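Please open the model in a viewer and keep the sequence panel visible. The tour below proceeds by selection, with a description after each one.

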Amino acid sequence: MKKDLMNIDRAKSSTATVSRCINSNISLGITLGITLGLSLGLSACSESQNVIKSSKGDSAAETSVTKKTTRPNVIVILADDMQAGVTGYEGHPIIKTPNIDKLAANGTVFTKGFATSAVCTPSRTSLLTGLYERRHGINFNSNSSMTEDAWSQTYPMLLKNDGYFVGWVGKNHTPIGKTEAKGFGYKSGVMDNSFDYWYASHKHLSFYPKDHKRHAIFKNAKADTQIEIMEEGLENFMEPNEAFKAGYNFLDSRPKGQPFALMINFNVPHANSTGSMQQRDSDLDLYKTVYRDKLSEVTIPETYVANKDIKTPKLPLDVYNGKFIKTYNYVKTPDGLKERKIREMQTISGIDKLLGKLVKNLEKQGVADNTIIVFTSDHGLMHGEFGLGGKVHLYDPSVRIPMIVYDPRMKYKADKSNELVALVDIAPTLLELTNTSIPDEMQGHSLKPLMQADEKTNGDVKWRQEIFLENMMTIQNYPRMEAVRTHKWKYVRYFDKKKDQRYADMSVASINGEQPIYEELFDIVNDPNEINNLINEPTNQKIVKKLRAKNAELVKEYRGAKPLNTHLSEKAMKPIDILKG
Ligand SMILES: [Ca+2]
């Protein structure tokens, strides 16, 4: 029933966008003061009209013209392993993020944004597909690659198919395709060749990408550091630079007048990058000295437990043995965590610097008033809360993310939304805002109704009252987990590691009756740090029963009946004990 209501919302909003070009011109003067403070220049509407005037003049073509002339550009900026709360707009006491703060002030801030799978690969895949991991079937241990058909249904490919020039800069962590010529997943070349502009590489980039042969695409960059290399790629995207292009003759120039969709995917502040920072002489001061004078003001979480002080583990040892990979060893001591936090702030400020330059470039190009910008992270991270490191867990530090959606054309903008939203909602949002059809299979919902403060919609949007969270990454000692979080409660269930199976089989295990071996219930409102497990409190049994049922319902709905739309590697076919290695 609720989904039907959502679809009605989508249809209404899509109809409304038909007249957006006219509206946006009328409202230019009004919105001028609250946009990023940019000079508008010619509207992209008139620019686009010139480009497509040569198309047919019949009524069908007129519809096409109306659609194309209203189309905004789309930029998604994705941080890596960035917890919610480490920005100025979220009230962080030390970090300075003026450009992110400005985006927050001019856009809609989602205060309850979530990654439904708190791991790079499945979460980034959810952002692209609008699907929960349970349906897209891609993780580090899935030994699978998205099929070409599944890839065609991601938002960048849907936009490309609908007339957009698409670019990708930075990191990719989603294996896609399978080709005889090149191979499986990252090796297939499917993703690299799908983009009109590709200045990116697969898996971790490190802080100095040029140090690694795998990232040869960056070898001619002037800068050595990740964020600045990405800045060079972005500058060239916005204004093709012949000297830059000479080193990469496969890069196309962006045609002026064609709407673009650009993905800017960082590998910071991920510990792979912050852990590889070396304060080289050639680094900017930002990555050497900034924030170091604030070391004494850096705080550790209220629930922090140093490794040597762990007496009673947060989770029983037969549920999770507590061991995490050495990448996250910095949480084991307060000094290690504080150093991590300094580097985290430095690299987030690096992202902020890049955003500032990008906005100036959009101004210069005269498209700032017609460019949607999304800022978010693929998931959060544990910072030693209860002695835990890494991500994956379904506790809030791991699953909560910063999320801002800025659409300069929006006439009545909501400053913020406290609804439960997730990365799966980004793809349908961007498709709706660009007037592109949303595939029925997409499971997220467009955030557009929440972004509007129009009296007709504000406070009257029917929205989900619970969000489903999951972990199916069973490598690195982690248990399978499922959770349902409402505004008030979080219910988490853990499964027996001894019953881990092949990935595709695990995706239906609980649907087929596998029972959890451990459960948690937290009162998020009164216990936001998730300290007290209330699962056995007699007074809570009614809500426990309700959330168990909701969990079962959501797993089934999100998994769906169809097989996973993935290619499987040879490894995926081997017995389970090999998979565990
Ligand atoms: Ca990540």
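Which residue in E10 stands opposite alanine 79? Select both strands to find out: the partner is serine 377. The coordinates shown are those of a predicted model.

**The whole chain**

Display the full chain as a cartoon before going further. Its secondary structure comprises 22 helices and 21 strands. Of the 581 residues, 49% count as buried. Among contacts with a separation of 6 or more, 72% are between residues 24 or more positions apart.

**Strand E1 and its two partners**

Select residues 73-79, which form strand E1. Seven of the seven residues in E1 are buried. Colour the two faces separately: Asn73, Ile75, Ile77 and Ala79 lie on one side, while Val74, Val76 and Leu78 lie on the other. Both faces of the strand are covered.

Add E10, residues 371-377. E1 and E10 run parallel and are joined by seven bridges. Next add strand E9, residues 260-265. The pairing of E9 with E1 is also parallel, and five bridges connect the two strands. To locate one of these pairs, label leucine 78, whose bridge partner in E9 is asparagine 265.

**Helix H6**

Keep E10 on display and select helix H6, residues 98-106. Its buried residues are Asn99, Ile100, Leu103, Ala104 and Asn106. These pack against E10, and also against strand E2 (108-110), helix H15 (334-365) and strand E14 (403-406).

Now isolate H6 with H15. The two axes approach within 7 Å and cross at roughly 60°, which means that H6 is oblique to H15. On the H6 side, the contact is formed by Pro98, Asn99, Ile100 and Leu103; on the H15 side, by Asp352, Leu355, Gly356 and Val359. Coloured by class, the residues of this contact are five nonpolar, two polar and one charged.

**Helix H12 against H15**

Retain H15 and bring in helix H12, residues 226-238. How far apart are the axes of H12 and H15, and at what angle do the helices pack? The separation is 10 Å and the angle is about 10°, so H12 is roughly parallel to H15. Side chains to show on H12 are Ile227, Met230, Glu231, Leu234, Glu235 and Met238. Facing them on H15 are Thr347, Gly350, Ile351, Leu354, Lys357, Leu358, Asn361 and Gln365. By class, this contact has seven nonpolar, four polar and three charged residues.

**A three-stranded sheet**

Hide the helices and select strands E13, E3 and E16. They form an open sheet in the order E13-E3-E16, with mixed pairing. E13 (400-401) and E16 (421-422) stand at the edges with a single partner strand each, so one side of each has no neighbour in the sheet. Zoom in on E3, residues 113-114, which runs parallel to E16 and is joined to that strand by two bridges. Within this pair, glycine 113 stands opposite valine 421.

**Proline 449**

For the final stop, select helix H18, residues 448-451, which contains proline 449. Is proline 449 buried or exposed? Proline 449 is buried, because 25 other C-beta atoms lie within 10 Å and the cut-off for burial is 20 or more. Finally, draw a distance from its C-alpha to that of valine 461: the two residues are 12 apart in sequence and 6.5 Å apart in space.

Key. Residues are numbered from 1 along each chain as its sequence is written. This is a predicted model: local features need pLDDT of at least 70, side-chain atom pairs count only at pLDDT 80 or more; totals for chains, interfaces and linings use all residues. A residue is buried if 20 or more other C-beta atoms lie within 10 Å of its own, exposed if 12 or fewer, and partly exposed in between; C-beta atoms are placed from the backbone. Helices (H or I, at least four residues) and strands (E, at least two) are DSSP runs, numbered from the N terminus. Two residues are in contact if their C-beta atoms, placed from the backbone, lie within 7 Å. Axes are lines fitted to C-alpha atoms, for helices over the stretch in contact, and angles run from 0 to 180 degrees between N-to-C directions. Angles under 35 degrees count as roughly parallel, over 145 as roughly antiparallel, 65 to 115 as roughly perpendicular and the rest as oblique. Ala, Val, Leu, Ile, Met, Phe, Trp, Tyr, Cys and Pro count as nonpolar, Asp, Glu, Lys and Arg as charged, and the others, Gly among them, as polar. Two strands pair if DSSP finds at least two bridges between them.
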